[in-house]
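I opened my notebook to look a structure up step by step, going from the whole chain to single residues.

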Amino acid sequence: MSDITPSDTQHRAIAAIKHWFQSEADRKQVFRLFGYAGTGKSTVLRFALEELGLEHHCGGGNGEPCTPGVVTATFTGKAALVLRRKGTPARTIHSLIYSVIEATEEEVEAAEKKIEEAVARARGLTGFERTTAEATIEAMRQGVADMKRPRFALNPKSDAAHAKLIVLDEVSHGRRGDGARSAELRQADPRAR
Ligand SMILES: Nc1ncnc2c1ncn2[C@@H]1O[C@H](COP(=O)(O)OP(=O)(O)OP(=O)(O)O)[C@@H](O)[C@H]1O
Ligand SMILES: [Mg+2]
């Protein structure tokens, strides 16, 4: 960073971001920075965050004290991985919004055992009672099949609700291959804090 001096245009962009974040973000939630590939958007972003004194957001997992900061989000897991390798904690937008609920192996095994027991009991039944028991077993089997599928739920504890700023630095626009790209800064909804 220290060996780079922002150009005049970059300097104006940095100033515009700072002005937006400090005075306009409560009215205008999104700041978009446009520029052709390689023109210095990510560099502008780094300067602006540094000058605003914003650090990476700390989720405070293990009860550690932490200050709300910047969450970097990407569209794909691959992009998040690349950024993490370069030292920026990044995650997909999807993981910021949803959490995946999966049944544990023990829960699935317990449900399957109940089905086996119900099947054994049904063998001793006849007529209407047997038909009813078989319908129940079918519903239980369907339940186990559903348990094995991951489900998505809105994540109320998402970092997105507590961060000061959400950064999306890989937003392509326009026709594919025309090189015009943008970075997007989004202030986390203050009402959610
Ligand atoms: N003011 C500057 N002086 C010298 N080098 C610079 C300056 N601004 C940016 N660079 C360098 O130019 C290259 C491209 O900059 P940067 O990655 O910020 O562009 P970008 O617009 O984010 O590109 P992309 O669209 O590919 O994401 C980087 O190697 C960066 O270090
Ligand atoms: Mg960039």
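The entries below record what I looked up in this predicted model.

**Overall layout.** I began with the secondary structure and found that the chain has six helices and seven strands. Reading along the sequence, I wrote down their order as α-β-α-β-α-β-α-β-α-α-β-β-β. I then looked up burial and noted that 16% of the 193 residues of the chain count as buried. For contacts with a separation of 6 or more, I found that 58% join residues 24 or more positions apart.

**Strand S2.** Is strand S2, residues 70-74, enclosed or open? I found that five of its five residues are buried, so S2 is largely enclosed by the rest of the structure. In a regular strand the side chains alternate between the two faces of the sheet. I therefore looked at each face in turn: Val 70, Thr 72 and Thr 74 lie on one side, Val 71 and Ala 73 lie on the other, and all of them are buried, so both faces are covered.

Next I looked for the partner of S2 and found strand S3, residues 90-92, which runs parallel to S2 and is joined to it by three bridges. Within this pair, Thr 74 stands opposite Thr 92 of S3. Between the two strands the chain passes through helix H3, residues 77-85, and I noted that this β-α-β crossover is right-handed.

**Ligand 1.** Which residues come nearest to ligand 1? Of the 14 residues around the ligand, I listed Ala 37, Gly 40, Lys 41, Ser 42 and Thr 43 as the nearest. Sorting the shell by kind gave me three nonpolar, nine polar and two charged residues. I also looked up where the shell comes from, and its largest share, three residues, belongs to helix H2, residues 41-51.

**Helix H5.** I checked the length of helix H5, residues 105-123, against a rise of 1.5 Å a residue: its 19 residues should span 27 Å, and because its end C-alpha atoms are 27 Å apart, the two values agree. I then turned to burial and found that H5 is hardly covered, with a count of zero buried residues among its 19.

**Lys 164.** My last entry concerns Lys 164, which lies in the loop between strand S5, residues 151-154, and strand S6, residues 165-172. Lys 164 has 19 C-beta neighbours inside 10 Å, and since a residue needs 20 or more to be buried, I recorded Lys 164 as partly exposed. Finally, I noted that the C-alpha atoms of Lys 164 and Arg 186 are separated by 8.9 Å, while these residues are 22 residues apart along the chain.

Note on methods:
Residues are numbered from 1 along each chain as its sequence is written. Chains are lettered from A and ligands numbered from 1 in the order in which they are written. This is a predicted model: local features need pLDDT of at least 70, side-chain atom pairs count only at pLDDT 80 or more; totals for chains, interfaces and linings use all residues. A residue is near a molecule or strand if its C-beta atom, placed from the backbone, lies within 6 Å of it. Helices (H or I, at least four residues) and strands (E, at least two) are DSSP runs, numbered from the N terminus. Ala, Val, Leu, Ile, Met, Phe, Trp, Tyr, Cys and Pro count as nonpolar, Asp, Glu, Lys and Arg as charged, and the others, Gly among them, as polar. A residue is buried if 20 or more other C-beta atoms lie within 10 Å of its own, exposed if 12 or fewer, and partly exposed in between; C-beta atoms are placed from the backbone. Two strands pair if DSSP finds at least two bridges between them. A crossover is right-handed if, with the strands pointing away from the viewer, the path from the first strand over the helix to the second runs clockwise. Two residues are in contact if their C-beta atoms, placed from the backbone, lie within 7 Å. The expected span of a helix is 1.5 Å times one less than its number of residues.
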